[in-house]
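Notebook open, model loaded. I want to look at one cavity and then at some helix packing.

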Amino acid sequence: MRTRRGACYPGVVSRMCSNVRVTKKKSKDLHMHMHVPAGDSIIYSRKKQKKTPEKLAAGRYDFFESLPDDLVISIFCKLSSTATKPSDFVNVLITSKRLNRLALHSLVLSKASPRTFTIKAKYWCDSAHKFLKHCADAGNIEACYTLGMIRFYCLQNRGSGASLMAKAAINSHARALYALAVIQFNGSGGTKSDKDLRAGVALCARAAFLGHVDALRELGHCLQDGYGVRQNIAEGRRFLVQANARELAAVLSTGAAARTLLSWNLQPQQLRQGSGCPLLSDFGCNVPAPDVHPASLFMTEWFAAHGGSPGPGLRLCSNAGCGRPETRKHEFRRCSVCGEVNYCSRACQALDWKFRHKAECAPVERWLDEDGEDVGNDDGDGEVEVVMVDS
């Protein structure tokens, strides 16, 4: 402040300078505030400007961030559908927040292969349960079937498990249709009076129409025995032969024929056998056991970790690739010869007889009569069938 003659009042400038504050932030931005006693304030600021991506050096520019979400999602769809183990997909989830968000998109989860959620029983936790639930909610029918089997048999949540399998069955999932057929045949989750043989045959026929090998076997045995359907031996034989032909075709389609187990050793007595169409395995064609589904593998590991028994007085299906447990005592039927094994279905009995139980069952003398002829039931496909009886 100056007088009319241009002189300054002493002390005014010094007081004004004393009101100047200088603040320093962590980001090293400087803000200068000058407060004037009259109430007016003058603010001087010098802020650090952020560098835009265009100003970054070419070597430091993140081109991935510029990719559109649709393109990244399409890549993840291909990854999830071709993954051979869970780690192939899980490694993406832990990379970054953006990848985690896009990888959990409903379209990606709906395309996930069964191997993507092949969870070992010892690693089962809430996170694994939620991931399977997300896949099922996204419309993944394999996840619906897998989670349905786990809930129905392992977690003993019968209603929720059956509804998930029904959701997959509505979408023509052959394994889910066959699983529901087994539940109807055995009355699983209920009492013995809850068996519905006609419903089981209908579900089995639908699964067989879709080419499910076990359903074809089960339907063939039902027709031969008149179990839940009018007896038709010739038609039953046709389904059994078709099941074995499809099993062989599945092995050949995997390209395993060159390194396998296929050896043709024809025996004269086999060629002189009676009428009917025998199994290819009767002529020395050794077909390997089918791959175990992740749901069956999980159930096998689950009950093995719990002492090998689903509960007091309950048993597991003796077929190694099944894993189904009894839901009540004496639900499964046992072998009529040795009584040591039990099966949830005729298909499991036929598979286990061919791959294991045939060599472990009672000696041949027990089911041969005095003339050396078979007393067992020849099912028309070249194998002697050991009839199962109710426990």
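**Entry 1, the cavity.** I started with the second largest cavity and asked for its lining: Val182, Phe185, Asn186, Glu218, Tyr227, Arg333, Cys344, Ser345 and Arg346. Worth a reminder to myself that this is a predicted model. The volume of this cavity comes out at about 50 Å³. I had searched the whole structure, and the search gave 3 cavities of 30 Å³ or more.

Which helix gives the most to the lining of the second largest cavity? I found that H9, residues 174–186, does, with 3 residues. Sorting the lining by class, I got 4 nonpolar, 2 polar and 3 charged residues.

**Entry 2, H8 against H9.** Since H9 had come up, I checked its packing with H8, residues 158–170. I read a crossing of roughly 135° for the two axes, which come within 8 Å. An angle like that makes H8 oblique to H9. The handedness of the crossing is left-handed.

I then pulled up the contact residues. From H8 I noted Ala162, Met165, Ala166, Ala168 and Ala169, and these meet Ala176, Leu177, Ala179, Leu180 and Ile183 of H9. How do these residues divide by class? I counted 10 nonpolar, with no polar and no charged residues in the contact of H8 with H9.

**Entry 3, H7 against H8.** One step back along the chain, I looked at H7, residues 141–154, which packs on H8 at about 155° with the axes 7 Å apart. That angle makes the pair roughly antiparallel, as the cut-off for that label is over 145 degrees. I logged this crossing as left-handed too.

On the H7 side I listed Ile141, Cys144, Tyr145, Leu147, Gly148, Met149, Arg151, Phe152 and Tyr153. On the H8 side I have Arg158, Ser160, Gly161, Ala162, Leu164, Met165, Lys167 and Ala168. By class, the H7 contact with H8 holds 11 nonpolar, 3 polar and 3 charged residues. I also noticed that Ala162, Met165 and Ala168 of H8 turn up in the contact with H7 and in the contact with H9.

**Entry 4, H10 against H11.** Last pair: H10 covers residues 197–209 and H11 covers residues 213–225. I got an angle of about 135° and an axis separation of 8 Å. Why do I call H10 and H11 oblique to each other? Because an angle that is not under 35, over 145 or in the range 65 to 115 degrees counts as oblique, H10 and H11 get that label. Their crossing is left-handed.

H10 brings Val201, Cys204, Ala205, Ala207 and Ala208, and H11 brings Ala215, Leu216, Glu218, Leu219 and Cys222. I tallied 9 nonpolar, no polar and 1 charged residue here. Glu218 is part of this contact, and I had already met Glu218 in the lining of the second largest cavity.

Terms used. Residues are numbered from 1 along each chain as its sequence is written. This is a predicted model: local features need pLDDT of at least 70, side-chain atom pairs count only at pLDDT 80 or more; totals for chains, interfaces and linings use all residues. Side-chain values use heavy atoms; hydrogens and water are left out. Axes are lines fitted to C-alpha atoms, for helices over the stretch in contact, and angles run from 0 to 180 degrees between N-to-C directions. A crossing is left-handed if the near helix is turned anticlockwise from the far one by less than a right angle, and right-handed if clockwise. Contact means heavy atoms within 4.5 Å. Ala, Val, Leu, Ile, Met, Phe, Trp, Tyr, Cys and Pro count as nonpolar, Asp, Glu, Lys and Arg as charged, and the others, Gly among them, as polar. On a 1 Å grid over the protein atoms alone, a cavity is a set of points where a 1.4 Å probe fits but cannot get out, and a pocket is an open set with protein on both sides within 12 Å along at least five of seven lines; lining residues have an atom within 4 Å of a point. Grid points are joined across faces, edges and corners, and a volume is the space filled by probe spheres set on the points.
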